[in-house]
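Hi,

Here is the structure I promised to pass along. Have a look at it first, and then read on for what turned up.

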Amino acid sequence: VSRTGPNCEFEECATLSVEQVDTSTWKTYHNAEYRFELRFPSSITFVENGPDPYEQQLREGKLISGTQHPLLNSFDLMDERRNIVLTIEIPHHFSSEDETVGNYIWSGRECGGWTAFAIQEIGIEEKTIQFAGYKTLLRVENAIWEEGERSIKHYFYCVHSPNNPTVIHYSENNKVLAENILSTFMFIDRNIMDSQPVDTSSWHTYRSEEYGFELNYPGNIKV
């Protein structure tokens, strides 16, 4: 039985550890709807996929499979050969009495669960980490996916993010680049997003000749 509580209060959660790279020249993607931001190299193409077919059916009032939540949206980061380096998924999360959200059971099967489609499952590892400031289940699924091929690991970050559960995944073939990109990923605080510019045109100005600075302040503040 894990000693880690819902917020890692009984033991320290691990954190994502990657090689340090210079990301100062990378492009920045900012998503206001789902409130996240990340950076990626100029060689990467960022693709927004929109709602998946299950979500479309749900919006049309049709019945869908109960084994996996539909996706409100998903985003692929693709290299120059159009290979997917990293995927970010925003599941349509339903609250229900039979779901154990604390254990990342967001649907009829666990987060990830790709080995159901593999030729042979080699093994599954799970550990709790802190990712972008939130408790996250890191699930590594090792399996043989194609006949005659070697086993390949797939990494799933199942994030208890503040707005909606978020699933991020990539294969070991892209592990280094994917984790460097993830090192720039952050969730954006709602208060920062919702804050409006303040009109300071009627504020007073304080100027210090001695120390060479000035600032504006509201009329109800005494200096």
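Let me start with a question: is F213 buried, partly exposed or exposed? Keep in mind that this is a predicted model. F213 counts as partly exposed, because its relative accessibility is 39%, between the 20% and 50% cut-offs.

As for where to look, F213 belongs to strand β13, which covers residues 213-217. F213 also takes part in a nonpolar patch on the surface, together with Y206, Y211 and L215. That patch comes to about 430 Å².

Now for a contrast, go to strand β6, where you will find I88. I88 counts as buried, because its relative accessibility is 0%, and the cut-off for buried is under 20%. If you want a distance to check in your viewer, try I88 and L77: their C-alpha atoms are 8.6 Å apart, and along the chain the two are separated by 11 residues.

Next, the inside. How many cavities of 30 Å³ or more does a search of the whole structure find? The search gives 1. The volume of the largest cavity is about 40 Å³. Its lining is made up of Y34, I90, S161, N163, N164, T166 and F187. Sorted by class, that lining holds 3 nonpolar and 4 polar residues, and no charged ones.

Last, a couple of backbone angles. Most residues other than glycine have a negative phi. Two residues here are worth pulling up with that in mind:

- R82 is not a glycine, yet its phi is positive, near 70°. You will find R82 in the loop that runs between β5 (71-78) and β6 (84-91). With a relative accessible area of 49%, R82 is partly exposed, so R82 falls just short of the exposed class, which needs over 50%.
- A132 also has a positive phi without being a glycine, in this case about 50°. A132 sits in the loop between β7 (120-131) and β8 (134-144). A132 is partly exposed too, because its relative accessible area is 30%.

If you only have a few minutes, I'd go to the patch with Y206, Y211, F213 and L215, then to the residues that line the largest cavity, including Y34 and F187, and then to the loops that hold R82 and A132.

Shout if anything looks odd on your screen.

Cheers

Definitions and conventions: Residues numbered from 1 in each chain as written. Predicted model: local features only at pLDDT ≥ 70, side-chain atom pairs only at ≥ 80, totals over all residues. Heavy atoms only, no water. 1 Å grid on protein atoms, 1.4 Å probe; cavity = no way out; pocket = protein on both sides within 12 Å on 5 of 7 lines; lining within 4 Å. Points joined across faces, edges and corners; volume = space filled by probe spheres on them. Nonpolar A, V, L, I, M, F, W, Y, C, P; charged D, E, K, R; others polar. Patch = residues over 30% accessible without salt bridge, like charges linked within 9 Å, V, L, I, M, F, W, Y side chains within 5 Å. Areas by Shrake-Rupley, 256 points an atom, 1.4 Å probe, with all protein chains shown as cover. Salt bridge = Lys/Arg side-chain N within 4 Å of Asp/Glu carboxyl O. Helix = DSSP H or I, 4+ residues; strand = E, 2+ residues; numbered from the N terminus. Buried < 20%, exposed > 50% of the residue type's maximum accessible area, 1.4 Å probe, protein only.
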